[in-house]
Amino acid sequence: MSTTSRKPFVGGNWKMNTDLASAVELADNIVAACGQFTEKCDIAIFPPFPYLQAVGHTLGNHNILLGAQDVYFQPNGAYTGEVSTQMLLDLNVKVVLIGHSERRHVILEGDDLINSKLLAVLEAGLSAVLCVGETLAQRDAGETDQVNVSQLTSGLRNVTEKQMQRVTIAYEPVWAIGTGKVAKKEDAASAHAVIRQSISDLYSPNIAQQTRIQYGGSVNAKNASELFLESQIDGGLVGGASLDSGQFAAIVQAAI
Ligand code: PGA
């Protein structure tokens, strides 16, 4: 199967940014700027939890997917502050970020929790973006591939072949996130190739060819085209630049 059979996928991770009015305005502008590209590129936006409903209304039937930045794996109960998959489904969320580096390294989520969250998301029928990536210290120590394979393997534990159709991987080197330091395209392509090989080992060459792997880490309107020219890179997970509808639209066009 040729790599071109993978539809590109660009996500906008708003993190803990916007307020209610600016979230709705940004969503509105993204619909206007990107609405015409959804046939050629899957597009998702990941607003903060409190604005999911309002942003969801703004997205309406425009085929831009509503995404959540996190979720908890238990269905309900005494889990103060947490949000369940059913709550996300109620708001028409379609896709959930799992194991983002800020949750791994700031909130200190471990591999087991990340795996439980991914399984809960898939069992609920939602799609997921599982994020993996090495820190600068790990890269300098030559541990990049080992870290990515290990995060991938533990994250995907007990995920079935069938469920893999709803899983996207985001390779996000921690040192490139929010720093303006984008990975060299060769380094990103090499990490993507290792991740794809690892999916092939865990599942099959066919599943590996079908699974989309996004690059994330300081993607912007200027550097996106060069990165996306790499056949291993199937789009991007975009933080800072997704807060600007014009830049986000340019990144989507680069992915197409
Ligand atoms: P950034 O964030 O584009 O601001 O580097 C990417 C991400 O965290 O997904």
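**View 1. Pairing of strand 4 with strand 5 in the predicted model.** Strand 4 (residues 95-98) and strand 5 (residues 127-132) run parallel and are joined by 4 bridges. Within this pairing, Leu97 stands opposite Val129 of strand 5. Helix 7 packs on the sheet, where it touches strand 5 and strand 6 (167-171). The direction of helix 7 makes about 150° with that of strand 5.

**View 2. The closed barrel of 8 strands.** The strands follow the order 1-2-3-4-5-6-7-8, and their pairing is parallel. From one strand to the next, the twist averages 25°.

**View 3. Packing of helix 5 against helix 7.** Two packed helices are described by the angle between their axes and the distance between the axes. For helix 5 (residues 111-123) and helix 7 (residues 144-155), the axes come within 8 Å and cross at roughly 50°. Helix 5 is therefore oblique to helix 7. On the helix 5 side, Asp111, Asn115 and Leu118 take part in the contact, meeting Gln151, Ser154 and Gly155 of helix 7. Sorted by class, the residues of this contact comprise 1 nonpolar, 4 polar and 1 charged.

**View 4. The surroundings of Asn115 in helix 5.** Asn115 has a relative accessible area of 4% and is classed as buried because this value is under 20%. Leaving aside residues up to four places away in sequence, Asn115 touches Ser154, Gly155, Leu156 and Arg157. Of these partners, Ser154 and Gly155 belong to the helix 7 side of the contact shown in View 3.

Methods:
Residues are numbered from 1 along each chain as its sequence is written. This is a predicted model: local features need pLDDT of at least 70, side-chain atom pairs count only at pLDDT 80 or more; totals for chains, interfaces and linings use all residues. Side-chain values use heavy atoms; hydrogens and water are left out. Axes are lines fitted to C-alpha atoms, for helices over the stretch in contact, and angles run from 0 to 180 degrees between N-to-C directions. Helices (H or I, at least four residues) and strands (E, at least two) are DSSP runs, numbered from the N terminus. Angles under 35 degrees count as roughly parallel, over 145 as roughly antiparallel, 65 to 115 as roughly perpendicular and the rest as oblique. Contact means heavy atoms within 4.5 Å. Ala, Val, Leu, Ile, Met, Phe, Trp, Tyr, Cys and Pro count as nonpolar, Asp, Glu, Lys and Arg as charged, and the others, Gly among them, as polar. Two strands pair if DSSP finds at least two bridges between them. Buried means under 20% relative accessible area, exposed over 50%, partly exposed in between (1.4 Å probe, protein chains only).
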